[in-house]
Amino acid sequence: MPVILVINNSICLQCGGCVPLCPEDALFLTFDHLKYDTDLCTLCGICIRFCPVAAISEEDRIAI
């Protein structure tokens, strides 16, 4: 089952602390949102473990 990264921007502090920790440079901040590049993200989980408010998680996705 495919897994994706999910960012809950309603609770994200926009602190940006996770951005430099990403070994693939997949995370980036826009003016008001944390986003990630799905082509670069390897789902290593470093950002998930770092986030102080658990705004980043993994979610199983069922292919349609």
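About 60 Å³ of space lies in the second largest cavity of this structure, which is a predicted model, and this enclosed space is where the tour begins.

**Stop 1: the second largest cavity**

Select Cys12, Cys15, Cys18, Cys51 and Pro52, since these are the residues that lie nearest the centre of the second largest cavity, among the 13 that line it. If you then colour the whole lining of the second largest cavity by residue class, you should find 11 nonpolar residues and two polar ones, with no charged residue among them.

**Stop 2: cysteine 18**

Keep cysteine 18 selected, and follow the chain to either side of this residue: cysteine 18 belongs to the loop between strand 1 and strand 2. Is cysteine 18 buried or exposed? Its relative accessible area is 5%, and because buried means under 20%, cysteine 18 counts as buried.

Now show the residues around cysteine 18, leaving out those within four places in sequence, and you will see that cysteine 18 is in contact with Leu27, Leu34, Cys47, Phe50 and Ile56. For the last of these, draw a line between C-alpha atoms: cysteine 18 and isoleucine 56 are 38 residues apart in sequence, yet the line between them is 9.7 Å long.

**Stop 3: the largest cavity**

Next, select Cys22, Cys41, Leu43, Cys44 and Cys47, which lie nearest the centre of the largest cavity, a space with a lining of 14 residues in total. The volume of the largest cavity is about 100 Å³, and the structure holds two cavities of 30 Å³ or more.

Which element gives the largest share of the lining of the largest cavity? Select residues 46–50, which form helix 1, and you have the element that supplies this share, namely three residues. Sorted by class, the lining of the largest cavity has 11 nonpolar residues, two polar ones and one that is charged.

**Stop 4: leucine 21**

Move to leucine 21, which is also placed in the loop between strand 1 and strand 2. Its relative accessibility is 38%, so leucine 21 is classed as partly exposed. When residues up to four places away in sequence are not counted, leucine 21 touches Ile46 and Phe50, and both of these numbers fall within the span 46–50 of helix 1. A C-alpha to C-alpha line from leucine 21 to cysteine 47 gives 6.9 Å, although these two residues are 26 residues apart in sequence.

**Stop 5: leucine 40**

Select leucine 40, and look for it in the loop between strand 3, residues 34–36, and helix 1. With a relative accessibility of 39%, leucine 40 counts as partly exposed. Once its neighbours within four places in sequence are set aside, leucine 40 is in contact with Glu24, Asp25 and Ala26. You can also join the C-alpha atoms of leucine 40 and cysteine 22, which are 18 residues apart along the chain, and read a separation of 9.9 Å.

**Stop 6: two residues with positive phi**

One of the contacts of leucine 40 is aspartate 25, so named in the list you have just displayed, and its backbone deserves a careful look. What is the phi of aspartate 25? The angle is near 55°, a positive value in a residue other than glycine. Aspartate 25 lies in the loop between strand 1 and strand 2, and at 60% relative accessibility this aspartate counts as exposed.

Glutamine 14 can be selected next, for here too phi is positive, at about 60°, although the residue is not a glycine. Glutamine 14 sits in the loop that runs between strand 1, residues 3–7, and strand 2, residues 27–29. Its relative accessible area of 27% makes glutamine 14 partly exposed.

**Stop 7: the whole protein**

Finally, clear the selection and show the complete chain as a cartoon, in which you can count one helix and four strands. Tracing them along the sequence, you will meet the pattern β-β-β-α-β. Along its principal axes, the C-alpha trace spans about 35 × 25 × 20 Å. A compact globule of 64 residues would have a radius of gyration near 11 Å, and the protein, with 11 Å, agrees with this.

If you colour the chain by burial, the buried residues make up 23% of the 64. The accessible surface comes to about 4,300 Å², and carbon and sulfur atoms account for 58% of it. As for contacts between residues at least 6 apart in sequence, 56% join residues at least 24 apart.

Definitions and conventions
Residues numbered from 1 in each chain as written. Predicted model: local features only at pLDDT ≥ 70, side-chain atom pairs only at ≥ 80, totals over all residues. Heavy atoms only, no water. Helix = DSSP H or I, 4+ residues; strand = E, 2+ residues; numbered from the N terminus. Rg over C-alpha atoms; globule rule 2.2 N^0.38 Å. Buried < 20%, exposed > 50% of the residue type's maximum accessible area, 1.4 Å probe, protein only. Contact = heavy atoms within 4.5 Å. Areas by Shrake-Rupley, 256 points an atom, 1.4 Å probe, with all protein chains shown as cover. 1 Å grid on protein atoms, 1.4 Å probe; cavity = no way out; pocket = protein on both sides within 12 Å on 5 of 7 lines; lining within 4 Å. Points joined across faces, edges and corners; volume = space filled by probe spheres on them. Nonpolar A, V, L, I, M, F, W, Y, C, P; charged D, E, K, R; others polar.
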